[in-house]
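Please open the model in your viewer, with the sequence panel beside it, and follow the stops below in order. Each one suggests a selection and then says what is to be found there.

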Amino acid sequence: MKAMRGITNQRGFTLIELLITMVIVVILATVAVPNMMSFIQKERLVAATNQAIIIMTFARSEAIKRDATIDLKPVSGSNWSSGANATLDSDGTLLRTMPSMPANITMTSSGGIAVLQYLSTGFSDKVDTFYICNTTTGLEGRAISISVTGRVSVSTEATGSGNCP
């Protein structure tokens, strides 16, 4: 039998190594978390903009396909943030619904319109711009412009322009 010696080789981390690793992780987390939150807010804004574009494009294509006027109107009064319905103008048949905007995202019409109509030619009855803005972050918003031909175009809306808070 061998005699035991006083010190044996041990495997593992020392307390200093563990503390240094923890400090590095905390520093990386403090840099990454704010960037991640900004990324999430921008993606919410993009997703809300895409929802609005989808329903507008759908309403235009249905107007052409059905050779009928399609109404696009907010679910609640003139509050576009509450969502929108695409309906047949003739009998009010619901064709598609856009869900309400996520929390802290607003959608407003520059002209204050309550109903946007797409005629059977695909043309719009009004020329308007819808602003989709994040009310808490101060990030830039999006502007969806509808031309007389009914085409939709998107641009970035700078913060402080008066259209986004």
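Begin with Val-115, and display the residues around it: leaving aside its neighbours within four places in sequence, Val-115 is in contact with Asp-71, Leu-72, Lys-73 and Lys-126. Bear in mind throughout that this is a predicted model. Val-115 itself sits in the loop that runs between strand E4 (105-109) and strand E5 (116-118). Is Val-115 buried, partly exposed or exposed? Its relative accessibility is 29%, and because buried means under 20% and exposed over 50%, Val-115 counts as partly exposed. If you now add Ala-86 to the selection and draw a distance between the two C-alpha atoms, the viewer should give 10.0 Å, although Val-115 and Ala-86 are 29 residues apart in sequence.

**The whole chain**

Next, zoom out and colour the protein chain by secondary structure, which shows one helix and eight strands, arranged along the sequence in the pattern α-β-β-β-β-β-β-β-β. Of the 165 residues in the protein chain, 29% are buried. A surface representation of the chain would cover about 10300 Å² of accessible area, and 60% of this belongs to carbon and sulfur atoms. Among contacts with a separation of 6 or more, 49% are made by residues 24 or more positions apart.

**The first sheet**

Select E1, E2, E3 and E5 together, and you will have an open sheet of four strands, whose order is E3-E2-E1-E5 and whose pairing is antiparallel. Strand E3 (94-98) and E5 are at the edges and have a single partner strand each, so that one side of each is left without a neighbour in the sheet. From one strand to the next, the twist averages 25 degrees. Within this sheet, look more closely at strand E1 (residues 70-76) and strand E2 (residues 79-88), which pair in the antiparallel sense over six bridges; Ser-76 has Asn-79, in E2, as its bridge partner. Now bring H1 back into view, since this helix packs on the sheet and touches E1, E2, E3 and E5, with its direction at about 165 degrees to that of E3.

**The second sheet**

Hide those strands and select E4, E6, E7 and E8, which form an open sheet of four strands in the order E4-E6-E7-E8, again with antiparallel pairing. Here the edge strands are E4 and strand E8 (152-157), each of which pairs on one side only, and the twist averages 20 degrees from one strand to the next. E4 and strand E6 (residues 128-134) pair in the antiparallel sense over five bridges, and Ser-109 can be found opposite Phe-130 in E6. On this sheet, too, H1 packs, touching E4, E6, strand E7 (141-146) and E8, while its direction makes about 10 degrees with that of E7.

**A residue in the helix**

For the last stop, select Glu-62, which has its place in helix H1 (residues 15-66). How accessible is Glu-62? Its relative accessible area is 6%, and Glu-62 is therefore buried, the cut-off for that term being under 20%. Show the side chains here, and you will see that the side chain of Glu-62 makes a polar contact with that of Lys-65, at 3.0 Å. Beyond its neighbours within four places in sequence, Glu-62 is in contact with Asp-67, Ile-70 and Leu-95.

Key:
Residues numbered from 1 in each chain as written. Predicted model: local features only at pLDDT ≥ 70, side-chain atom pairs only at ≥ 80, totals over all residues. Heavy atoms only, no water. Helix = DSSP H or I, 4+ residues; strand = E, 2+ residues; numbered from the N terminus. Buried < 20%, exposed > 50% of the residue type's maximum accessible area, 1.4 Å probe, protein only. Contact = heavy atoms within 4.5 Å. Polar contact = N/O pair within 3.5 Å; in protein donor to acceptor, adjacent residues only side chain to side chain. Pairing = 2+ DSSP bridges. Axes fitted to C-alpha atoms, helices over the stretch in contact; angles between N-to-C directions. Areas by Shrake-Rupley, 256 points an atom, 1.4 Å probe, with all protein chains shown as cover.
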